[in-house]
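Q: Please explain the terms used to describe this model, setting each value against its definition.

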Amino acid sequence: MGVVVKKVELSWLDRTYVWPVMKGMGITFRHFIKQLFTPTSKRYTIQYPDMKKQMPAGYRGLHELKRFEDGAIKCVACFMCAEACPARCISIEAEEFSNLNFTQGFEEKRPQVFKIDMLRCIYCGMCEEACPKDAIWLRNDYEVAAYDRLSMQFGKWDLMNTYAEADGKERISEDPIPSVPRRAIAM
Amino acid sequence: MDTLASLLHTSPAIAWMGVKIVIVFSAVMLLASVWTWVERRGAAMIQDRIGPNRAALFGKIRILGLAQLLADGIKFFFKEDLEPTDANKGLFWLAPFLAFVPAMMGFAIIPFGRDFTSGGHVYHLSVLDPGNGMGMLYPLAIGGLAVYGVLVAAWSSNNKWSILGGMRSSATMVSYEIGMSLAVVSLFMTTGGYDPSEIIAAQGHLPWHWNVVPQFLGFIVFFTCMFAETNRLPFDFAEGESEIVAGFNTEYGSMKFSLLALAEYAHLMTASALVATLYFGGWQVPFVAHPSVGLSILSFLIKMLFFAWVFVWIRWTLPRFRYDQLMHLGWKAMLPLSMLNLIVHAWLMSHGR
């Protein structure tokens, strides 16, 4: 069964072309004036290097390795994120650390090397989902770029400091000397 | 002017002619290149965008992105000058000039200000003085030449899309020119002369005596035909970029393309000057019977730039017609309308009104 196409009947005013054209010009002129008198900050366009978009809360941008209050890394090197990663961009080497004093002796695990290849990462957030310790977060920075491939290999300290400036924390570059067992600290 | 003439060992008339040519053509060139920027910014504003605003002089002075003109010019100058292997080389080089020269030449007849007397000489503010015997026939004839630029560019570049654009452009020219000429002929009739200065003088300084009021039909026809003549958007069949790549200038690059683009804008300036002269009293200032020279030039510029803006405005309002639709419009609507206009005014004149 064929579809019957209804022909639009134009009124004589529309068939003159002149009046519809003037109506259309009115619309475009309204847009022109509106845009002309809108201040730059309120226009739809975000002029990128000068203005930046505020990313929504759930945005998956550059990773951060979270740390405790004393600066120790939350990651326990369980390799869950590396397993979950579909792009296979996380590589971890674990190490043990201990403080075997006589009252609160403990022996724990942390990553010695935690590397994310940002060129391979697809920002899917699977590592964040998989992490049992909430140690890796994907946050709102989307400006991940560099001049060479090597600088896109983010190491443990790069990842722990990615949001240090934005959060007003100080940059750290070595593990603090452990005093209490990590499991004793409330998550 | 006399001192300039004596310095150059010429007569004041020749020196004045030289000065006029320099002023008029540099002004049209400048306006045409500025209008590329106006077009892009205007289009952006109409579409709720921002447009080119980042090009800056020395990386600092932004002036609304006006430096984009310089940037574009420099870019076009330094691009590689390619031409297709099978192109007709001579015509391929000639075509941009064929497009550009008529676009500029049309402006020569238009009086852009009141004539003034100084030191016993009468100075006319138009490159061709009034009483040269060509009058308004000259820009119409030159406008007819403009299609050769498009057609030669299309034909010489040995490209299917180009030649389609060229054929479409020449086919449209046949259909709009008669209606346009008849609209102008009825102006000649009511004015009693075809010199632009006579037409301007006949219109007077009162806006309701300007030709647009008694000949509104003629104005609509003429203005619509101007879109077809300048190859501007509702009728830009020569370069339907959604249908035939870029039409007649598909194979053009670097400065040759720049010249073709500039020719379009120069043509736009000439066309809007023609509309202002024929239907909106040229340099006449509303309600001022004897304006000063500066005021008359300013009035003319405002009218001309307004119509140039209307060209841009319409371009970003209307979609492109199919070209059989323009044929339809040209032969079945514009021609009868301008005929009607002619007959009505002839009848009115024969009854002494």
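A: Helices (H or I, at least four residues) and strands (E, at least two) are DSSP runs, numbered from the N terminus. On that basis the elements of chain A run α-α-β-α-β-β-α-β-β-α-α from the N terminus on, which comes to six helices and five strands. This is a predicted model, in which local features need pLDDT of at least 70, side-chain atom pairs count only at pLDDT 80 or more, and totals for chains, interfaces and linings use all residues. Residues are numbered from 1 along each chain as its sequence is written, while chains are lettered from A and ligands numbered from 1 in the order in which they are written.

Q: What radius of gyration does chain A have, set against that of a compact globule of 187 residues?
A: The radius is taken over C-alpha atoms, and the globule rule is 2.2 Å times the number of residues to the power 0.38. A compact globule of 187 residues would be near 16 Å, but chain A has 28 Å. The C-alpha atoms of chain A fill a box of roughly 100 × 50 × 35 Å along the principal axes.

Q: Why is α8(B) called roughly antiparallel to α11(B)?
A: Axes are lines fitted to C-alpha atoms, for helices over the stretch in contact, and angles run from 0 to 180 degrees between N-to-C directions. Helix α8 (residues 216-229) of chain B and helix α11 (residues 323-350) of chain B pack at an angle of about 150 degrees, with their axes 9 Å apart. Angles under 35 degrees count as roughly parallel, over 145 as roughly antiparallel, 65 to 115 as roughly perpendicular and the rest as oblique; α8(B) is therefore roughly antiparallel to α11(B).
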